[in-house]
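Let's take a walk through this structure together. Please have the sequence and the 3D view open side by side as you read.

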Amino acid sequence: MQSPELDAAIRRPFVAVAVVMRRERIDNRWQPWRWVLADVVPDEVGFGERPRLLLKDEREERWLHPGFKVELFTDDAEGYYLNVTTLRPCFWVVWRMEEEAALADEPVAVPQIVTLSYHDAGRWLDAQETVEQVAAPLDVVQWLQHFVDEHHVLEAKRRQRPQSFKPLQDRFGNPARVSTDKKFGGAGHG
């Protein structure tokens, strides 16, 4: 008998994608090249399972990294909602440079994770990771919108209690009293 968690994992919606990273020449004498996210495309069986060089010339290199599974989780429906309601819904890709060259003569930028969640992207940015985005195609946006429509519930705005109704406390957290009765004499009262 399968556990409910396993059943949920089996039914979890996902899209299989591949990431294209581009190494491009820049006009900088200290750093003549930089890596950028070029695209996220539907994964195909013909891509294989390992990263491969697609193009290399004096201006650029393009690497295909297949085999990413972008899953949707019901507990992150708000993160997908925040993405799908922007002017340009997108994929976010976290990538890192190889520490030692394994795919080529020099280290290559290697994607680590692909997501459609605004919250995931924010957490990785907060963790100082390299995160880039690329527009999601219309069919993915529609698929994501369907998921959001089914699972996201807008939280009702709670009315904030006016500050004047909050109990007064002193700096130690004890109840404080305010009196309008005059206890001491002042100038002009005699």
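What follows goes from the overall layout to the strands, then to one helix, the aromatic pairs and a histidine.

Do keep in mind that this is a predicted model. The chain is built from four helices and seven strands. Reading from the N terminus, you will meet them in the order α-β-β-β-β-α-β-β-α-β-α. Of the 190 residues in the chain, 31% count as buried. Sequence separation is worth a look too: among contacts with a separation of 6 or more, 64% are made by residues 24 or more positions apart.

A good place to begin is strand 1, residues 14-25, which has pairing partners in strand 4 and in strand 2. With strand 4 (residues 60-71) the pairing is antiparallel and runs over 10 bridges. If you want a landmark there, find R22, which stands opposite R62 of strand 4. The pairing of strand 1 with strand 2 (residues 33-42) is antiparallel as well, over nine bridges. Here A18 can guide you, since its bridge partner in strand 2 is V41.

Two charged side chains deserve a stop in this part of the tour. R23 places its charged end over the ring of W33, 4.2 Å from the ring centre. Likewise, the charged end of K69 sits over the ring of F14, at 4.6 Å from its centre.

Now turn to helix 3, which spans residues 118-126 and has D120, A121 and W124 as buried residues. Which side of helix 3 do they occupy? They share the same side, because they cover an arc of only 100 degrees around the axis. The buried residues of this helix pack against three strands: strand 5 (90-97), strand 6 (109-115) and strand 7 (130-135). Both ends of helix 3 offer a detail to look for. At its start, a side-chain oxygen of S117 comes to within 3.2 Å of the backbone nitrogen of H119. Just after the helix, Q128 adopts a positive phi of about 65 degrees.

Next come the aromatic rings. A pair of such rings is described by the distance between the centres and the angle between the planes. The count here comes to two aromatic pairs. In one of them, the ring centres of Y80 and F147 are 5.7 Å apart and the planes stand at 80 degrees, so the arrangement is edge-to-face. Because Y80 belongs to helix 2 (residues 77-84) and F147 to helix 4 (residues 138-151), this pair ties together parts that lie 67 residues apart in sequence. Y80 and F147 are both buried.

The other pair, W92 with Y118, is also edge-to-face, with 6.0 Å from centre to centre and 75 degrees between the planes. It brings us back to helix 3: W92 lies in strand 5 and Y118 in helix 3, so parts 26 residues apart in sequence are tied together. Are W92 and Y118 buried or partly exposed? W92 is buried, with a relative accessible area of 8%, whereas Y118, at 43% relative accessibility, counts as partly exposed.

Our last stop is H152, in the segment after helix 4. At 17% relative accessibility, H152 counts as buried, because the cut-off for that class is under 20%. Which residues does H152 touch, leaving aside its neighbours within four places in sequence? Its contacts are A77, E78, Y81 and F147. F147 is a residue you have already met, as the ring partner of Y80.

Note on methods. Residues numbered from 1 in each chain as written. Predicted model: local features only at pLDDT ≥ 70, side-chain atom pairs only at ≥ 80, totals over all residues. Heavy atoms only, no water. Buried < 20%, exposed > 50% of the residue type's maximum accessible area, 1.4 Å probe, protein only. Helix = DSSP H or I, 4+ residues; strand = E, 2+ residues; numbered from the N terminus. Arc of directions from axis to C-beta. Contact = heavy atoms within 4.5 Å. Polar contact = N/O pair within 3.5 Å; in protein donor to acceptor, adjacent residues only side chain to side chain. Phe/Tyr/Trp six-rings, centres within 6.5 Å; stacked < 30°, edge-to-face > 60°. Lys NZ or Arg CZ within 6 Å of the ring centre and 35° of its normal. Pairing = 2+ DSSP bridges.
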